[in-house]
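Reader: I would like to go through one model feature by feature. For each feature, please give the general idea and then the case at hand.

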Amino acid sequence: MSAYGALAGVYDRLTGDVCYERRADYIEKLFQKSRLDVHTVLDLACGTGTMTGIFTERGYEMIAVDSSADMLAEAMEKAASLTGETPVFLNQSMPQLDLYGTVDAAICCLDSINYLTNPRDVQKTLQRLNLFIAPGGILIFDINSVDKLRALDGQVFLDETEDVYCVWRTEFEKRSSICTYWMDIFTRNEDDTWDRDFEEHRQRAYEVEQLCQWLMEAGFTNIRTYGDCRMSAPRENEQRIYFTAIRGK
């Protein structure tokens, strides 16, 4: 099964510890730090649209893009109950981003960039973002660090609720810098029987220096890196690293 086919319907129940509001607060602080007037925001790789919904409720005009039709369907269903202007939803891959105009800011949250396992796709994505972020606008994204993905090698994890049980194991291949997640997902039916699905997810570890180089080549300036939800530089062995970059004028 393709990634997020089975996971889409249970994703929100398994990610209750993500602290989306806290991460949205942090992103707004980065908006403020840039001293930009941000009204329109692209949420790239929006998933089930939780972050899209938070920013919509805070008064931003949102465009939400995801390559998974299943995840996007969940996002659109959740958006029906939002106050504020209804987000625009687009089913597109990151390297093939194609908007109708420009946005003031683009965000790409929760290590979505790592899912681009072909370096060329990362470069294409940054080039497309540079095209659709307005001159002087800001790009904010985060990654799972190299240290984090390396440390996942050989690990086994369990996430569960009353009606969802997910066990996943990981393997990191040093030669390719690819971390593979094998996930068994069990969901309880109304008659107390269980359905089982399997998904395989892959992420690539990228060095900070390489991403900064690609950002510059794509036309971004004022590139900064931060520790996880901090306004200071990443520490040694940082698990999640945030990037900000300004689209050149």
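Author: Start with charge pairing. Side chains of opposite charge can pair when their charged atoms come close. In this predicted model, Glu-21, Asp-25, Glu-28 and Arg-58 are linked in a network of salt bridges.

Reader: How far apart are the closest N and O atoms of Glu-21 and Arg-58?

Author: They are 2.8 Å apart. The two residues come from distant parts of the chain, with Glu-21 in helix α2 and Arg-58 in the loop between α3 (50-57) and β2 (61-66), 37 residues apart.

Reader: Which residue does Asp-25 form a salt bridge with?

Author: Asp-25 pairs with Arg-58, and here the closest N and O atoms are 2.8 Å apart. Asp-25 lies in helix α2 and Arg-58 in the loop between α3 and β2, so this pair ties together parts that are 33 residues apart in sequence.

Reader: Is Glu-21 buried, partly exposed or exposed? And what of Asp-25 and Arg-58?

Author: Read this from relative accessible area, where partly exposed runs between the cut-offs of 20% and 50%. Glu-21 has 47% relative accessibility and therefore counts as partly exposed. Asp-25, at 36%, is partly exposed, and Arg-58, at 28%, is also partly exposed.

Reader: How many salt bridges does the structure hold?

Author: The structure holds 10. One of them joins Arg-230 to Glu-238, with the closest N and O atoms 2.9 Å apart. Arg-230 counts as buried at 16% relative accessibility, and Glu-238 is buried at 10%.

Reader: How should I read the helix that carries Glu-21 and Asp-25?

Author: An α-helix has 3.6 residues a turn, so residues three or four places apart point the same way. In this case, helix α2 covers residues 20-34, which is 15 residues. From first C-alpha to last, helix α2 reaches 21 Å, close to the 21 Å expected at 1.5 Å a residue.

Reader: Which residues in α2 are buried?

Author: Tyr-20, Arg-23, Ala-24, Tyr-26, Ile-27, Glu-28, Leu-30 and Phe-31 are buried. Glu-28 is also part of the salt-bridge network with Glu-21, Asp-25 and Arg-58.

Reader: What follows α2?

Author: The general idea concerns backbone angles. Most residues other than glycine have a negative phi, and most peptide bonds are trans. Arg-35 follows α2, and its phi is positive, near 60 degrees.

Reader: Where else should I look for a positive phi?

Author: Ala-45 is one place: it is not a glycine, yet its phi is positive at about 60 degrees. Ala-45 sits in the loop between β1 (40-44) and α3, and it is buried, with a relative accessible area of 19%. Cys-229, again not a glycine, has a positive phi of about 55 degrees. Cys-229 is in the loop between β10 and β11 and is buried, with a relative accessible area of 16%.

Reader: What is the volume of the second largest pocket, and which residues line it?

Author: Read a pocket by its volume and by the residues around it. The volume here is about 190 Å³. The lining consists of Leu-30, Lys-33, Ser-34, Ile-138, Asn-222, Arg-224, Tyr-226, Thr-244 and Ile-246. Helix α2, β10 (220-226) and β11 (240-247) each supply at least two residues of this lining.

Reader: Which residues form a nonpolar patch on the surface?

Author: Leu-158, Tyr-165 and Trp-194 form one, with about 280 Å² of accessible area together. Trp-194 lies in strand β9 (residues 194-204) and is partly exposed, with a relative accessible area of 39%.

Reader: How do I read positions that are separated along the chain?

Author: Set the sequence separation beside the C-alpha distance. Arg-240 and Lys-148 are 92 residues apart along the chain, and their C-alpha atoms are separated by 7.7 Å. Arg-240 lies in strand β11 and is buried, with a relative accessible area of 10%. For Gly-84 and Phe-55, 29 residues apart along the chain, the C-alpha separation is 9.5 Å. Gly-84 is in the loop between α4 (69-79) and β3 (88-91), and at 56% relative accessibility Gly-84 counts as exposed.

How values were computed. Residues are numbered from 1 along each chain as its sequence is written. This is a predicted model: local features need pLDDT of at least 70, side-chain atom pairs count only at pLDDT 80 or more; totals for chains, interfaces and linings use all residues. Side-chain values use heavy atoms; hydrogens and water are left out. Helices (H or I, at least four residues) and strands (E, at least two) are DSSP runs, numbered from the N terminus. The expected span of a helix is 1.5 Å times one less than its number of residues. Buried means under 20% relative accessible area, exposed over 50%, partly exposed in between (1.4 Å probe, protein chains only). Patches are made of residues with over 30% relative accessible area and no salt bridge: like charges are joined within 9 Å, nonpolar side chains (Val, Leu, Ile, Met, Phe, Trp, Tyr) within 5 Å. Accessible areas come from the Shrake-Rupley method with a 1.4 Å probe; for residues, only the protein chains shown count as cover. A salt bridge is a side-chain nitrogen of Lys or Arg within 4 Å of a carboxyl oxygen of Asp or Glu. On a 1 Å grid over the protein atoms alone, a cavity is a set of points where a 1.4 Å probe fits but cannot get out, and a pocket is an open set with protein on both sides within 12 Å along at least five of seven lines; lining residues have an atom within 4 Å of a point. Grid points are joined across faces, edges and corners, and a volume is the space filled by probe spheres set on the points.
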